[in-house]
Structures are given as structure tokens and as C-alpha cells.
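Colleague: I'm new to this one, and I'd rather look hard at a single part than skim everything. Could you pick a spot, take me through it closely, and then work outwards from there?

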Amino acid sequence: MTTLRAFTCDDLFKFNNINLDPLTETYGIPFYLQYLAHWPEYFIVAEAPGGELMGYIMGKAEGSVTRDEWHGHVTALSVAPEFRRLGLAAKLMEMLEEISERKGGFFVDLFVRVSNQVAVNMYKQLGYSVYRTVLEYYSASNGEPDEDAYDMRKALSRDTEKKSIIPLPHPVRPEDIE
Amino acid sequence: MAARGHVQDPNDRRLRPIYDYLDNGNNKMAIQQADKLLKKHKDLHCAKVLKAIGLQRTAKQDEAFTLAQEVAVLEPTDDNSLQALTILYREMHRPELVTKLYEAAVRKVPTSEEYHSHLFMAYARVGEYKKMQQAGMALYKIVPKNPYYFWSVMSLVMQAISAQDEKLSQTMFLPLAERMVEKMVKEEKIEAEAEVQLYFMILERLGKYVEALEVVQGPLGEKLTSELQSRENKCMMLYRRLERWAECNALSCKLLLKNPDDWQFYLLYFDSLFHLIDQSWTPPQEGTHSAEGEVHASISQALSFMEDRIATEEAKESKHLRGPYLARLELIRRLRERSCPEAQQLGEPLELMFQFFVKFGDKPCCITDLKIFLDLLTPDQHVQFINRLMEAVPLGAPGEDGVAFPGDTRALQRHLCVTQLSRSLGQQHALNTQGKLGLIKELKAHYRHGLQFGDQNMLWQSLGLLEEGLSHSSSNAQFKLLLLLLYCRLGAFEPVVDLYSSLDAKHVQHDTIGYLLTRYAESLGQFAAASQSCNFSLRFFHSNQKDTSEYVIQAYKYGAFEKIPEFIAFRNRLDHSLHFAQVRTERMLLDLFLEADISSPLEESVKSMSLCPEEDDILWDSLRDNRDLTVLVSWNPKDRQLNAEHKQRSLEDDTLWLRLRSLTLRLIGCVSALTHPPASRNSEKRTENGVAAKPSSLRSLLSQLESTLNQATQFTEKQLQYPFVGPVPSRLAQALSSGCCQCQLSSLQLPLHLQELEAAGLDESTELQTQISNLFKSLAVQLQDILEKCKGDPLEVKDSQSTTQHFLLENLVYFVETVCIVLWVSNYCVSVLRPLKSSLQKKKKKKKEASTVTPPVLSAYQEFNSSLQSLLNQALEHIKSQEISLTALKLGALSLEGQTQSEVRTFTKMAMDKVQSSYLRSLQEIGELLKKRADTLKSLKI
């Protein structure tokens with residue numbers, strides 16, 4: 001009961017219901033345009049029969065191929081409150097993984113607030129595991145302390161030995177990640 | 001900042017500190033360092049440009065430009081200078097100069113791939129498609145790389161898209177683009193997916209669907225791999241265009257088997273099915289049904305296909321998909337529309353919807369799913385339907401007050417869904433007042449908000465309930481939006497600022513929901529907040545103009561050709577945004593109201609905002625309404641939902657108001673130019689920011705304002721109402737009823753007559769003087785009338801109930817705005833009358849005449865000036881007394897009828913306090929401005 005299609009600029013005028021969620025960031029226009037110009041296939045929106053936007057996923061492919069680090073990355077994934085608990089996020093993740101498979105990625109990774117237990121559990125259910133903790137990755141604006149992120153990964157078929165997801169023993173700083 | 005290579009060119013080393021200063025925002029030091037360097041190395045051009053960047057960033061635009069041009073005329077070919085100039089021109093918003101720069105560079109170094117590519121991008125930034133086409137080909141000739149060739153092809157497509165003449169696109173640009181690609185295909189030189197995408201785009205725009213299909217299905221189509229289902233989606237689109245229903249049907253079948261939840265393919269499946277039936281399609285004697293496999297061309301096949309889909313779902317243990325069940329309802333609807341008796345074979349909609357509710361009722365989207373199919377029920381089934389659903393909601397035993405509560409969140413969700421459906425069916429609206437109150441009580445007991453309007457007491461309760469809700473769910477956007485809307489409608493803007501900022505609306509959201517903030521701030525007299533809200537939006541729009549072009553260039557680089565027209569359309573959509581035009585206009589008006597002739601003279605304010613009365617800066621025919629009017633969720637029945645007509649009306653409403661404001665603004669510019677004609681009167685050339693209003697533009701703007709006012713009056717006479725959770729009405733109706741528009745028009749007409757007087761002189765103008773004197777008198781009367789409409793208590797307590805009359809605040813704002821305009825016009829009057837008076841006195845002295853008959857126009861103006869004085873005193877007195885009585889008002893003493901729970905009472909009290917405080921603030925800000933205006937009256941005596 002969903003129409004899945006490529007995200008277009010016009011959707012930016014309609015995504016309030018999704019983005020007024022406190023955990024969903026509304027980025028500046030350049031950020032969206034950069035993704036649309038560079039990785040349009042990774043930016044997918046789900047639309048309800050009435051035309052309301054239900055949710056979207058935004059991602060990219062990056063990393064060095066020679067160092068076995070070529071991978072898909074989930075930049076944003078959000079579903080509007082009234083379309084939750086339908087497995088929509090899982091469907092969108094599945095699509096992103098398939099695209100990354102086709103591009104010959106070794107794994108898919110994403111960052112999530114350590115406090116966002118609902119999301120962390122969902123990603124675990126989808127086969128992701130914590131690869132490392134990134135200290136103070138999310139900067140807070142209102143004087144509260146910055147928050148750590150989990151860098152979660154799932155190996156793709158190209159990484160036959162699942163080397164890419166072996167957890168790092170120590171947390172890293174944001175400036176140490178690529 | 002500019003790229004710094006690894007090779008240690010001594011110049012690079014010398015320039016490095018300047019780059020660093022600029023990067024760190026230390027522009028002063030950058031300039032000093034550049035000066036130092038230039039003393040030693042006069043010919044280090046780049047240092048000059050870097051200095052210019054420093055100057056530009058310290059607001060010395062003219063100096064920066066002169067310096068940059070010194071380098072530009074030398075036609076530099078060193079990387080450092082070129083890149084620095086590019087950055088500078090971009091910051092100056094002069095991208096067209098970058099093209100000149102690289103045109104010169106490629107002339108001097110014709111084999112440079114880099115410069116040619118910069119030239120292409122420079123053209124792309126300014127949208128010079130023809131030159132892009134040539135630059136692309138020139139590049140390809142130097143370095144035969146495919147992307148360059150296809151940049152050129154894409155530039156042809158862009159010429160086609162932007163051509164005014166559709167015929168030219170179809171017969172010249174697109175065919176040429178097609179031939180260019182075909183050449184590469186024949187030579188087997190096609191390499192990338194982007195190239196195939198572009199080929200497809202061209203064929204599609206040419207309407208060559210058969211050819212496009214061949215490409216997608218042929219070997220070139222194999223390159224279409226990035227996007228999921230890219231080939232299938234494209235084929236489907238083409239089958240539809242070609243009306244190849246058999247293929248369309250077979251392909252949707254296949255895709256539905258793969259993903260039985262994809263709604264778009266159900267719709268295509270049904271569409272194609274009925275087309276095939278209408279065409280009496282029969283399968284071929286032998287071979288496959290179609291290129292896409294088996295075709296369904298009869299109702300019985302469709303019925304069994306649907307049954308299979310449902311059976312598959314039923315067989316699943318968990319994670320049932322909603323698609324098949326909803327598709328069954330959709331099929332019933334379509335069969336009924338065609339009066340097919342087979343509709344009954346699929347089952348009774350009431351029963352099917354009940355089963356759907358049993359399966360999916362605990363999902364929040366169940367309401368939006370079922371809402372679409374409510375019209376399958378007959379009106380007499382409504383009650384039965386809701387009762388049936390209610391039975392499937394597990395509620396606990398009723399408590400003391402007879403209300404039974406759901407035990408867990410799933411049950412709560414079900415209960416919510418039934419309540420929403422019952423609202424959608426109009427059952428709640430059908431209740432009488434008693435019934436509605438009972439329902440509210442019940443719903444409140446269920447901890448939710450049921451909003452009913454009409455009674456102010458009810459409004460307070462709603463506010464209280466929502467405030468309570470927000471205190472429990474501090475990130476619920478719907479609570480915030482509803483509160484925001486209610487406070488605005490009550491005329492209380494102060495709480496809105498915090499609510500809006502807690503929504504964390506940013507960037508594009510300033511365009512889509514910024515209207516919630518900008519509509520009310522100014523009209524309620526919260527001027528500081530109004531300025532700030534306009535600034536939020538303006539900052540976004542201005543940065544968009546610069547940013548978007550960069551991504552058009554990125555799209556070329558990455559070969560995302562289909563995104564190029566999309567980005568350009570997006571940029572235009574933002575540039576032509578209604579909200580953009582509104583905040584631009586209101587921001588200027590606001591600045592004038594607050595500052596002009598208070599902190600600086602009117603003409604300086606006008607000059608500093610580059611306001612040019614002759615030029616209309618709004619493209620009225622291209623205005624885009626980007627407001628998100630559906631941001632608030634509504635479960636109301638269809639006749640109370642926002643519809644297309646409301647949207648159209650609201651756009652008309654807002655546009656009319658904008659027209660009035662924009663004309664007023666330009667007329668103020670005219671008045672300013674009349675009062676202080678530009679110094680360089682003799683020279684024909686107008687300075688860039690200068691204002692040179694001709695009397696003709698005053699006359700034409702006045703007649704435009706008059707006719708727009710007539711249109712506006714007709715529009716408001718229709719007294720249209722929008723749904724509560726729909727668009728907010730513009731200020732038009734209230735402004736008209738306050739009388740301020742008419743009064744502003746009258747005052748702006750005065751200069752025309754005074755110009756005549758100036759030409760005629762005092763001696764030969766008795767009739768004209770009488771006419772002007774009457775206009776002064778009428779203006780004073782009109783102002784008095786507006787002021788009368790401001791009198792009364794904005795917050796009133798009667799019989800232990802409090803009611804608001806917030807329109808009194810709005811009227812006060814209109815009064816102040818009108819006073820501002822009247823005073824500016826007075827200033828012009830003074831500039832005409834004073835010289836006339838002094839020349840009269842000189843004459844008198846010469847002739848030593850004893851008789852002192854003051855010309856009527858002079859005495860009339862003096863009278864007008866003193867009536868203004870008394871009007872302003874009255875107004876200030878009124879505001880002061882309102883402030884005192886509002887401060888003394890004790891809302892806490894009110895008995896809040898019908899509010900049994902002390903919890904709710906606390907929150908209602910809180911809401912009332914917020915309103916009270918906001919009103920006080922509005923009064924203070926309005927009073928302050930009025931006082932400042934009153935102070936300027938003294939200087940307007942003659």
C-alpha cells in the first residue's frame with residue numbers, strides 16, 4: 001500500500017509531516033541537492049495512495065575500493081508517525097542494500113544516536129551490528145552535552161568473510177573517521 | 001578557499017598567509033598582508049584579487065570591484081588569479097563576469113582542458129545553454145572524453161526546455177540532440193548509464209515512445225542499473241503512453257507478484273484491465289499473450305488474481321501487507337462504477353473493512369487507509385459500521401463516570417481509529433451541543449483533544465488541554481501547530497515565537513510553513529518578532545539563489561542529466577515563491593514604519609533598500625504557492641476538509657493583499673522621491689540605487705491601487721471561510737473593515753494635488769486650495785474613524801467569563817501604519833507649502849501690506865496638523881489606559897466553568913496568562929512606535 005519512487009526536489013515542499021519529528025534533521029538545500037546530483041538512485045521516497053509522503057531514505061556510496069572499504073551509507077531514514085509499524089523502514093533499507101550490492105559494496109553502514117534505542121534495535125533486527133562508537137558525534141545546540149553515535153554495519157555478499165563488521169575494540173573521535 | 005597545489009611555486013608560498021587570513025575570516029589582516037606583498041611584487045596579480053576578496057567581505061564593494069577589474073583586464077591565465085576572481089565574482093553575485101574571465105583564458109591557452117571546463121561551468125551557472133553546447137564540443141575536440149560530448153548534448157536539451165517556441169524545440173534542438181546521440185550509438189561509443197538516460201530523456205521529450213522502448217529493452221537498456229526497477233518502470237511508463245494495455249497489464253501482474261504492496265501497480269493493473277475489456281481484447285492464437293507475458297483481460301481473471309493475492313497474505317504467519325486487502329476494496333469501487341454485478345463476489349465492503357480493522361486497526365495509518373473507501377458504505381450503514389468496529393476495541397470495565405478505557409497502546413490506537421472514522425463520517429458533527437459536550441468530556445477522559453469552536457470558553461479549554469498535552473509530549477508537532485494556530489487566532493503572538501522555534505523549522509520549511517509566523521507577527525504589533533521572522537525566511541531565499549546553481553553544475557559532472565531541469569525548476573519555484581514576495585515586501589514596509597523619519601530620513605531608508613517605485617519586483621503571473629497547507633492533520637468529514645477551492649481562494653486572498661502592500665510600498669517610494677528629488681537632476685543617468693520617480697508613475701500607481709482596492713472589496717464581500725486547519729486568512733478583510741486602506745489611498749492622492757498647487761502658485765489657485773483643504777479635513781475624519789474602531793477592551797471579563805476582541809489590536813496596528821504614511825505625505829506637503837509661504841511673506845514685506853489674509857490651503861494644513869496632534873494624543877492615551885487595565889486584570893479569579901480537573905484548570909490558566917502577557921506586549925510595542933511618530937509632528941509645522 002505504498003508507492004516507492006525516486007525523491008525529487010518537489011518533495012521538499014511536502015515532507016513536513018516526516019521532518020517535524022524531533023529526531024529528523026532538516027538540512028539546508030545544498031545538502032539535498034548534492035545527494036540528488038550525485039546519488040539520485042539512493043534517495044527514495046514512499047508515498048501513500050492519498051499522496052502524503054510516508055517516509056524516505058537518503059544514502060550514498062563511498063569509500064576506497066582498493067582498501068575494501070567501498071560501501072553504501074545511510075545518511076537519513078525517517079518515517080512519518082502515522083506510517084510507523086508497517087515495516088516501511090525495513091523495506092527502504094532493503095532497497096538501499098540492494099543498490100549497494102549492485103554497486104559492489106562491501107558493507108552498508110549508518111550512524112545512530114546511542115540513546116535512540118528504538119532505532120538501534122530495529123537496525124539490529126535488520127542484521128546490523130555495532131562496529132564502533134564515535135564519541136560526541138552529534139553536537140547539541142542547547143548547552144547539553146554532545147552525544148555519541150554508534151557506527152553500525154552490515155556486511156554485503158562481496159565481503160565473504162565478513163571482515164568489514166568485526167567490531168573495533170576502542171571508540172573513535174569524529175575527526176578520525178573518514 | 002582556492003586549491004593550493006603541492007608544487008612549491010614561490011608565489012604560492014608568498015600568497016599562503018593571505019589565504020589563511022581569509023579562511024579564518026580575518027579580512028583586515030588579509031588586506032594588510034596583500035598590501036605588503038604588493039609593495040615588493042607589483043605584478044603578483046593574485047595578491048590584488050585576494051585583497052579585493054578581503055575588501056568585498058568588509059563591505060567595500062566598490063573598491064573591491066575596481067581592484068578586481070584591474071586584474072581582469074590583463075586577462076590572467078594563472079590558476080591562482082582565476083580561481084580567486086571566480087570566488088570574488090560569486091560573492092559579488094556577478095557570475096556573468098566569470099564567463100568573461102574564462103573566455104579570455106581559453107583564447108590565450110586554447111588547449112587547456114581545465115579552462116575550457118571552467119568556461120563550461122561558468123556558462124552553466126548563468127544558464128547560457130547555447131554557449132554551453134559549443135563549449136562542450138570544444139572540450140570534446142581537445143580531449144575526446146564522452147562526458148564532454150554529452151554535456152554538449154544536454155545543453156541542447158536545455159535549449160529545448162527553455163525555448164519559448166515549442167516548435168523550435170521539437171523540430172530543431174531535440175532532433176539535433178537525438179542525432180548527436182545516435183552518432184555515438186552507431187559508433188558503439190556509448191559508455192555510461194547517464195548517456196543512456198539522456199538518450200531516453202530526448203526520445204521521451206520527442207514523443208518517440210516506440211524508439212524509447214527499443215532503447216530500454218535493447219542492449220543499451222542493460223546499462224540502466226543504478227536505480228532499482230529502472231527498466232521496468234520506464235517500460236511501464238511507455239506502455240501507458242503507447243496505450244499498450246496488454247503489456248501494461250502483464251507487467252503490473254509480474255511486479256505485483258514481486259511486491260504485492262506497491263500501490264501504483266494495482267492502479268495500473270486495474271486501469272489496463274478495464275481498457276482491455278473495453279477493447280474486447282483476445283489473446284493471440286498461438287505464442288505468448290504479450291511481450292511481458294500473461295495478460296488478464298476479464299473480470300473473472302482479475303477476481304481470481306485478487307483472491308490469490310489475499311490467499312497468499314492469509315497464509316503468512318505475520319507481517320501481513322495491507323496492499324492486497326485495500327486493492328480488493330479498490331476493485332469493488334471500480335466494478336461498482338461500471339455497474340458490474342461481480343462486485344458482490346468480492347464481498348460486502350462493510351464486512352471487508354471490518355476485517356481490515358481487525359487486522360490493522362492498531363496501526364496508526366488504518367484511518368488514512370479506510371478513509372478512502374468510506375464512500376463504499378451507504379449512509380444507513382454508518383452507525384452499524386462504527387458499532388461493529390467498536391466491538392472490536394478491547395476496552396476495560398467502565399469507571400465511575402461511565403467511560404471505559406483501553407488497556408494498552410494497541411487498544412488505544414484502535415479506539416483512536418474508530419473515533420477518527422466516526423468523525424470522518426460526520427457523526428460527531430451531527431450531534432447536538434449537549435451531545436458534543438458529552439463527547440468532548442469522554443474524549444478528554446481518553447486524554448485527547450476534541451476541538452469544537454464557537455464558544456470562547458471552549459477555546460480556552462482547548463488551549464488548556466493542548467498545553468497539557470504538550471507538557472506530556474514535548475515533541476508532538478501537531479500539539480504545537482494547533483496551539484500556534486489557536487494563539488494566533490486569539491491575537492496572541494508572544495507564545496507563538498517559542499512554539500515555532502521548538503518545531504525547529506529550518507531552510508525549506510521557512511517557505512512551506514513560515515507563513516504561520518509571518519502572517520500574524522506584524523498584524524498584531526509585535527514588530528521586533530516580525531522583523532526577525534521575515535529575516536529567517538529572507539536569508540533562506542537569498543542563499544538559495546546562490547546555492548542552487550552550484551548543484552546544476554554538480555549534476556553535469558555526475559551525469560545526473562534528468563536532475564538538471566529539475567534543479568532549475570526548483571530554483572524558480574523558490575524564486576517565485578509567494579511567501580518570498582510577501583516577506584520581501586513586508587520586510588521593507590516594516591523597516592519604513594519602524595525607522596523612516598525616526599532614526600533616519602525616509603529617502604535614506606528608501607535608498608538603502610534599493611526601492612525603485614517604477615519597477616515591480618514581483619512576477620505576478622509566475623507566483624508559486626509553496627505553503628504546506630496540510631501540515632495539520634484533520635480527520636473531519638469531506639465537506640469540512642480543505643479542498644482545491646479553498647487553496648485557490650486563499651492564494652487569491654494572499655495575492656490581493658500582497659498587491660495592495662506592494663503598491664503602497666512603491667507609492668511611499670514615490671512620495672519620498674517627490675519630497676527629496678535626487679541631487680543629480682540634470683544628468684540623465686540614474687545611479688544604481690537612486691530613485692527617480694516621475695509624476696506619471698505616481699498617477700499610474702495610484703490608479704492601480706484604487707482598482708486593486710475595488711477588487712479586494714469585492715473579494716471580501718464573498719466572506720469566504722476556510723476550514724480551521726486550513727489556510728489562514730490574509731490581513732485583507734480586517735484591513736478593509738478598519739478603513740485604513742481607503743485612508744492610505746486618500747493620503748497618497750494628496751501629492752498629486754500639491755504638485756498642481758506648486759505649479760500654479762498661491763495667487764491663481766483658489767479652487768484648488770479649497771479642494772486640498774477639503775482633502776485635509778476628510779483625512780482627519782477618516783483617521784478619527786479608524787481610531788474609533790480601535791477602542792474597547794481586547795481582553796474582557798464579563799460574568800466570570802473572559803472573551804477576547806483581538807481585532808482591536810489589529811486595528812491599532814492599521815491605525816499606526818496609516819499614521820506613518822500620513823506623516824510622510826505631510827512631510828511632502830510641508831516641502832511644497834513652506835516655500836510658498838515664505839515667498840508670500842517676502843512679497844508682503846516688499847509691498848508692506850497690512851492685510852494678512854492667510855491663503856486657505858495654509859490654514860487648512862495648520863488645522864490638519866493640530867488635529868493630527870490631538871488624534872495621536874487620543875490614541876496614546878487609549879493605549880496607556882489599556883495597558884493599565886490589562887495589567888490589573890486578574891484572570892486567575894475566573895471560575896473556569898466545566899473544568900472539574902484541577903490539572904486542566906492549571907493549564908487553561910497558563911494559556912490565559914500567555915494571552916494576557918502577549919496583548920500587553922503588543923500594546924507596548926504599538927505605543928512606543930506611535931510615540932516616536934508623534935514626536936516627529938513638531939517638525940511638520942509650517
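**A close look at one loop residue, and outwards from there**

Modeller: Let's start with B:Phe493, which sits in the loop of chain B that runs between helix H24 (477–489) and helix H25 (494–502). Keep in mind that this is a predicted model. Is B:Phe493 buried or exposed? Its relative accessibility is 0%, and because buried means under 20%, B:Phe493 counts as buried.

What does B:Phe493 touch, once residues up to four places away in sequence are set aside? Its partners are B:Leu517, B:Tyr520, B:Ala521, B:Leu524, B:Gln526, B:Ala529 and B:Ser918. To see how the chain folds back here, look at B:Arg921: 428 residues separate it from B:Phe493 in sequence, yet their C-alpha atoms are 9.3 Å apart in space.

Now for another buried residue of chain B, this time in a helix. B:Asn146 belongs to helix H9 (residues 146–162), and at 4% relative accessibility B:Asn146 counts as buried. Leaving out residues up to four places away in sequence, B:Asn146 touches B:Tyr140, B:Met184, B:Lys189, B:Ile190, B:Glu191 and B:Glu195. With B:Glu195 there is a polar contact from side chain to side chain, at 3.2 Å.

For a contrast, try B:Gln355, which you'll find in helix H18 (residues 349–360) of chain B. At 35% relative accessibility, B:Gln355 counts as partly exposed. B:Gln355 has its own partner across a stretch of sequence: B:Tyr325 is 30 residues away along the chain, and the two C-alpha atoms lie 9.4 Å apart.

Next, the charged pairs. How many salt bridges turn up over all chains? The search of the whole structure finds 61. One of them, in chain B, joins the side chains of B:Glu187 and B:Lys183, 3.6 Å from N to O. B:Glu187 is partly exposed at 36% relative accessible area, and B:Lys183 is partly exposed too, at 44%. Elsewhere in chain B, B:Asp271, B:Glu330, B:Arg333, B:Arg334 and B:Asp375 are linked into one network by salt bridges that share partners.

Chain A has its share. A:Glu94 and A:Lys91 pair up in a salt bridge with 3.9 Å between N and O. Both sit in helix H3 of chain A, three residues apart, which is about one turn of the helix. A:Glu94 counts as partly exposed at 44% relative accessibility, and A:Lys91 does as well at 25%. Another salt bridge of chain A links A:Arg67 with A:Glu69, whose closest N and O atoms are 3.9 Å apart; A:Glu69 is partly exposed, at 28%.

Staying with chain A for a moment, the UniProt record, an unreviewed entry, lists residues 2–157 as "domain: N-acetyltransferase". Over that stretch the chain is 24% helix and 35% strand, and the C-alpha atoms at the two ends are 28 Å apart.

Finally, step back to where the two chains meet. What is in contact with what? On one side there are 43 residues of chain A, and on the other 51 residues of chain B. Between them the chains bury about 4,200 Å², with 63% of it on carbon and sulfur atoms. In chain A, the residues that lose the most area to chain B are A:Met1, A:Phe13 and A:Leu20, which together make up 21% of what that side buries.

There is polar and charged pairing across this interface as well. Three salt bridges cross it, and one joins B:Lys506 to A:Glu25 through their side chains, 2.6 Å from N to O. The polar contacts across the interface come to 18 residue pairs. Which elements of chain A supply at least two residues each to the side that touches chain B? They are strand S1 (3–6), helix H1 (16–19), helix H2 (29–38) and helix H3 (88–102). H2(A) gives the most, with seven residues. Sorted by class, that side of chain A has 22 nonpolar, ten polar and eleven charged residues.

Methods: Residues are numbered from 1 along each chain as its sequence is written. Chains are lettered from A and ligands numbered from 1 in the order in which they are written. This is a predicted model: local features need pLDDT of at least 70, side-chain atom pairs count only at pLDDT 80 or more; totals for chains, interfaces and linings use all residues. Side-chain values use heavy atoms; hydrogens and water are left out. Contact means heavy atoms within 4.5 Å. Buried area is the accessible area (1.4 Å probe) that two parts lose on being put together, summed over both. A salt bridge is a side-chain nitrogen of Lys or Arg within 4 Å of a carboxyl oxygen of Asp or Glu. A polar contact is a pair of N or O atoms within 3.5 Å; within protein, one must be able to donate a hydrogen and the other to accept it, and residues adjacent in sequence count only if both atoms are side-chain atoms. Helices (H or I, at least four residues) and strands (E, at least two) are DSSP runs, numbered from the N terminus. Ala, Val, Leu, Ile, Met, Phe, Trp, Tyr, Cys and Pro count as nonpolar, Asp, Glu, Lys and Arg as charged, and the others, Gly among them, as polar. UniProt positions are given in the numbering used here, feature names are shortened, and annotations may be inferred rather than shown by experiment. Buried means under 20% relative accessible area, exposed over 50%, partly exposed in between (1.4 Å probe, protein chains only).
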